[in-house]
Amino acid sequence: MSNAVGIYAVEDVLLVSIKDDITDSDVIELQDGLSEEVVRTGARGVVIDISALDIVDTFVGRIFAQLSGVAKLLDAETYIVGMRPAVAMTLVELGMTLPESNMALSVSQALRRIRANRTR
Amino acid sequence: MPNRSDGKGLEIIEDDFDAVVNDWIEMQKDEGIQRTDLFSETEIHEQTRSFLRAFIHGIRAGGSVTDFSLEHKSWQELRDVLDDITRERIGRGVPAGEMAGFVLALKEPVFNRLREHYGKKVDTMLDEIVKFGSVVDELALFTNQQFIIEREQVIERQRDEMLELSTPVVELWERVLTIPLIGTLDSVRAQEVMENLLEAIVRHRAEVAIVDITGVQTVDTQVAQHLLRTAAAVRLMGAECIISGVSPKIAQTIVQLGVDVGDVTTRSSIRTALVHAFETVGYTITRRGGEAEQFV
C-alpha cells in the first residue's frame, strides 16, 4: 500500500490515517487492505482519521460509506473522525450525508464510543 | 463662451447669476424646504451657487440643453456637485421629496425671467419653458436616484452587520453548544449559520450542538431544508445536532409540508434539549439534598 495511508492496530481497534495526497487508486487499495486487516487482526473497531483531507469528492465519500458497510459485516464498528467543516459542508451540498457511517469528532472520542458500545 | 443658441434659460442664469441664486433661495423658503434647521444660510448659499456654477460649466464644456443627457461627459462636474449636495442632505435627514423640491424650485425664478423677457411672444416662451423645465426635471430625477442608491447602500451595510450579529454560537456547557436563530433564515444566513456552527464545534470539541429556532417566525420547506442540512453537516463532523424551540405551530407546518426530518433530534424547548445534551455528554442534574430532579 502506498504511504498515503497508514493502518495501525491499537489493542483491538484499527487506526487508519489518511494523508492529504491520497489518490483514487490508494482509496481502492485501502478498501482491500483494510478488510483483510480487520479479519487478520480480529479487530472490533475501525477508526478512519480524515482530518488531513481538504477535499472529499463523491467517489471518496462513497468508498467511506462502503468501508463502514464492509467492516460492519466483519463485526467491526467503524468511525470516521476529524472531518473538516468545509468538507462537511461540501458533502451536504452534494447530498452525501453518509447516513450509514458513524462519525466522531476525534480519535479519542471514537475510541471512547467503541469501548462504551462494547461493554454494553 | 457658452452655446447661446442653446436656450434663453441658460443665458438668464449666467447673466443674472446672483439674482437667480437669491430668487431660488427665496423659492426654497416659500416652499418650506429650505431647512434652516439643518443648514446654515451660508451652506444653503454655497450649495445653490455651486450647483448653478457647475451647470454653467457644463454648458461651456459642450453640454447641450436641447438634447439634455446627464450621462454626457460635459456634465461630470454637475453630477459630482449634485451628488455631494444630495449626500450632504441625506446625511442630515432630508427626505427624498424635499431633495427633489430643492432642485425643482429653480424652475420658477427662471420661468419668471423668461416671461419678463419674452412678454407677448408666447410660442417662443413656451418652447424655452419646456426645454428648461425638462432639464430641471431630469436633475430632480437624478437626485432622487442618488437618494435611492445612498439608501440602498445603508440597507446593504445594515444587512451585513445583521448577518454578523445574528449568528453567535454560545457554549452552554462543556462540549455543548447552542446557536439561537432569530428572524428569517435565507440561504445566505443558513450558510453563515452552518459555517459558524461547524467552526465552533471544532474549536470547542463539542459533542452536541443545539440549533434553537424559538426566534424563527416561519418555517417553510426551504428553511426546513436549511435546518436539516445544518444537522447533517453537524453529524458528519461527529457531533449530534438537536433542533430546539419547535413550537406546536411549526411542528404542524413541518408535518403538513411533508418534510422528513429523518433521525434529527427535535425538542420543543431549549430546556428539554439541554437535558438531552447532558445525557449525551454524561451529566445528570440532581437537586441538592437528594431527590433527582424530574424532567419530562
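Two strands pair if DSSP finds at least two bridges between them, and strands themselves are DSSP runs (E, at least two residues), just as helices are DSSP runs (H or I, at least four residues), numbered from the N terminus. With that in hand, here's a quick tour of a predicted model in which chain A and chain B each hold an open five-stranded sheet.

A word on the ground rules: this is a predicted model, where local features need pLDDT of at least 70, side-chain atom pairs count only at pLDDT 80 or more, and totals for chains, interfaces and linings use all residues. Residues are numbered from 1 along each chain as its sequence is written, chains are lettered from A and ligands numbered from 1 in the order in which they are written, and side-chain values use heavy atoms, with hydrogens and water left out.

**The sheet in chain A**

- The five strands of chain A line up in the order 1-2-3-4-5, with mixed pairing.
- Strand 1 (5-10) and strand 5 (102-104) of chain A sit at the edges with a single partner strand each, so one side of each has no neighbour in the sheet.
- On average, neighbouring strands of this sheet are turned by 25 degrees against each other, direction ignored. (Axes are lines fitted to C-alpha atoms, for helices over the stretch in contact, and angles run from 0 to 180 degrees between N-to-C directions.)
- Strand 1 and strand 2 of chain A pair antiparallel over six bridges, and A9(A) stands opposite L14(A) of strand 2.
- The hairpin of those two strands of chain A has two residues between the strands, and E11(A) takes a positive phi there, near 50 degrees.
- Next along, strand 2 and strand 3 of chain A pair in the parallel sense over five bridges, with L15(A) opposite V47(A) of strand 3.
- Strand 3 (residues 45-49) and strand 4 (residues 77-81) of chain A are parallel too, over five bridges; here D49(A) stands opposite V81(A).
- Helix 4 (residues 107-119) of chain A packs on this sheet, touching strand 2 (13-18), strand 3, strand 4 and strand 5 of chain A, and its direction makes about 160 degrees with that of strand 4 of chain A. (Contact means heavy atoms within 4.5 Å.)

**The sheet in chain B**

- Chain B has an open sheet of five strands as well, in the order 1-2-3-4-5 and with mixed pairing.
- Strand 1 and strand 5 (265-266) of chain B are the edge strands, each with a single partner, so one side of each lacks a neighbour in the sheet.
- Strand 1 (residues 170-173) and strand 2 (residues 176-183) of chain B run antiparallel and are joined by three bridges, with V170(B) opposite T178(B).
- Their hairpin has two residues between the strands, and R175(B) takes a positive phi near 65 degrees.
- Strand 3 (residues 208-216) and strand 4 (residues 240-244) of chain B pair in the parallel sense over five bridges, and V208(B) stands opposite E240(B).
- Helix 9 (residues 221-236) of chain B packs on the sheet, touching strand 2, strand 3 and strand 4 of chain B, at about 155 degrees to the direction of strand 4 of chain B.

**Helix packing in chain B**

- Helix 2 (residues 17-31) and helix 6 (residues 107-118) of chain B pack at an angle of about 125 degrees, their axes 8 Å apart.
- That makes helix 2 of chain B oblique to helix 6 of chain B. (Angles under 35 degrees count as roughly parallel, over 145 as roughly antiparallel, 65 to 115 as roughly perpendicular and the rest as oblique.)
- From helix 2 of chain B, the contact uses A19(B), V20(B), D23(B), W24(B) and M27(B), while helix 6 of chain B brings E108(B), P109(B) and R113(B).
- Helix 4 (residues 76-91) and helix 5 (residues 96-104) of chain B have axes that come within 10 Å and cross at roughly 140 degrees, and are therefore oblique to each other.
- L82(B), I85(B), T86(B) and R89(B) of helix 4 of chain B meet M99(B), F102(B) and V103(B) of helix 5 of chain B.

**Where the chains meet**

- On the chain B side 18 residues are in contact with 20 residues of chain A.
- The two chains bury about 1600 Å² between them, 61% of it on carbon and sulfur atoms. (Buried area is the accessible area, with a 1.4 Å probe, that two parts lose on being put together, summed over both.)
- R235(B), L236(B) and M237(B) supply 40% of the area that chain B buries against chain A, more than any other three residues.
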